Amino acid sequence: MRERIILTLLIFLTYANGYSQSPASGDISQISSTINAPNNFENEISAIRATAATTPGGWTDLLSIGGAADGSFNGGTDNSNAVNSWIATASDNSVLYIPPGSYKFNSTINWAGVKKLFLISYGNLYFGLNSGFIIDGTEQKLVFNGRLMGTNQDKMVNYTGQTNSGIWLRNGNNNEVYLNEVYGFKYAVRLGGYEMGQGVMKGTQYCKVYWNWLRRNSVGVYLSSDSKAGSRGCWCNENFFWGGEISGDTGIVFRKNSEQGDRFNGNKFYNIGFEYSGNQVPMRLAIWAEYANNNQFFGGRIEARGVKEAFHFASNCDNFQFIGWYWNLSYFANPGNNILVTGSIYEDITGVCVGNIAQGYGFSPNNYFNQRVRVWGTKRSPSIAKNLDKYPNMDIIWAVATDEKFNSPSASVGRGINFVEYNSPSNATLTLRPSAETINQTITVANTGKGTVLVTSENMGGQVSIAPGQSKQFYCTATKHIPI
């Protein structure tokens, strides 16, 4: 009885002071409450915890089955056998938990999908030149709150000799992976069918991948279906991606296999930003694609100085959609066929807005670099008309006409005017007079002439000179009362 009271007291003190050790195998209740997990992963951890509570195998702490948290880029105890042995013997719906710490792996983890298993990792996992996790099968769920590490790329980004993947979703469907950071692999995330036997089709579809950072990998997301000669082809369709930053040599790649069946289609990408490859070296290419159609990108961004080329689409690509993106006109060198872009479309890195919709069209495989692009503009950039020779494959279709256009020595505008083009052969003056009751009115003045335009405004910023080829926006800063 005395021993039971002491044991109960020790358990109470442990919980009262906060859980400072890795929870023992069989009790997953402390994971979510004691580790500061990213908010977007918390719901998944809670769901896995609830599943483990009803599973005979429960969950297992890696440290309790021979794992060791002494790893780094330079070495450490190999944890591969411990994890692969657990996968082989765990019962359906079991959970493997990797506590905070650094873990070395000398070989790839094959997360076979013959049964439904879960992973929650708070550790930094080091794989070197090996791939990290190859995930087959269906309804597998892995949550990585730490880092998934390949080779050390902090000093010099160099992927020579690497063929490894951080995560490879292979021959499966409805699998989910949550990634905090993947670093230093040839491919951070790879998806696609992979033929295991002659003439057998395999595919990857309906999988979901979430990440915060895919950092300093050669390729961020790599879609490719590997098939043997004579087969009917594999596929990689209808997958879901939620970013997250991608930094590295290339952001996203759609790579066709010679025996591939379906074109890559139905893949959806959300909230992805493309950045530098490392050490302020720009990313070489954001998106490279072949043999793909009907893939969608929502709410993305390409860093103006951090990416050399936005995309390169082969002649067998069409019907891509980019919705709500932040763009640069120089990115339309290889627009593909019927490639639709909506968002803020810019002339150059100075941030002059051209329009809100662009569409690639007129595909000609024999004359690839002369494809046409239509841009639906708002006629807010006076330099576009002068600089269209820089973009010979572009047609500007003005969606909003100029409100007023002047070429006289002086003029004035008032209520209901938002855009003025002044095309005078010499210096001129313009007076802006918003209506008496106007609040928060904006008027843009573009000087497309040869002389300077002196703009005098009432309650819109005073007197300003606009040089030829420049524009200026005026904003009503004062409230005028309507007479009674």
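In this predicted model, strands β33 and β35 (residues 453-457) run parallel to each other and are joined over 5 bridges. Within that pair, T431 sits opposite T456 of β35. A good place to go next is the other neighbour of β33, on the side of β31. These two strands, β31 and β33 (residues 428-432), are also paired in the parallel sense, here over 4 bridges. V413 finds its bridge partner in L432 of β33.

The two parallel pairings can be set side by side:

| Strand pair | Sense | Bridges |
|---|---|---|
| β31 and β33 | parallel | 4 bridges |
| β33 and β35 | parallel | 5 bridges |

Stepping back, these strands belong to an open sheet of 4 strands, ordered β31-β33-β35-β36, with mixed pairing. Its edges are β31 and β36 (463-466), each of which pairs on one side only. From one strand to the next, the twist averages 20 degrees.

The edge strand β31 (residues 410-413) rewards a look at its side chains. A411 and V413 point to one face and are buried, while S410 and S412 point to the other face and are not buried. This fits a general pattern: in a regular strand, side chains alternate between the two faces of the sheet.

Now to the nonpolar interior. The largest nonpolar core holds 62 residues, and F133, I252, F254 and F274 have the most contacts inside it. Strand β13 (residues 208-224) gives this core its largest share, 5 residues. A second core, separate from that one, has 14 residues, among them V413, L430, I443 and F474. V413 is thus a residue to follow through the model: it is buried on one face of β31, bridges to L432 and is included in the second core.

I252 is worth a visit too. Leaving aside residues up to four places away in sequence, I252 touches V221, L223, I246, F269, I272, F274, A286, I287, W288 and F297. F274, on that list of contacts, is itself one of the residues with the most contacts inside the largest core.

Finally, the cysteines. How many disulfides does the model have? The count comes to 0. C207 is in no disulfide, and the nearest cysteine sulfur, that of C236, lies 8.2 Å away. For a disulfide, the two sulfur atoms would have to be within 2.5 Å. C207 is buried, with a relative accessible area of 1%. C234 also counts as buried, at 1% relative accessibility.

Technical notes: Residues are numbered from 1 along each chain as its sequence is written. This is a predicted model: local features need pLDDT of at least 70, side-chain atom pairs count only at pLDDT 80 or more; totals for chains, interfaces and linings use all residues. Side-chain values use heavy atoms; hydrogens and water are left out. Buried means under 20% relative accessible area, exposed over 50%, partly exposed in between (1.4 Å probe, protein chains only). Two strands pair if DSSP finds at least two bridges between them. Axes are lines fitted to C-alpha atoms, for helices over the stretch in contact, and angles run from 0 to 180 degrees between N-to-C directions. A nonpolar core is a set of buried Ala, Val, Leu, Ile, Met, Phe, Trp, Tyr and Cys residues joined through side-chain atoms within 4.5 Å. Contact means heavy atoms within 4.5 Å.
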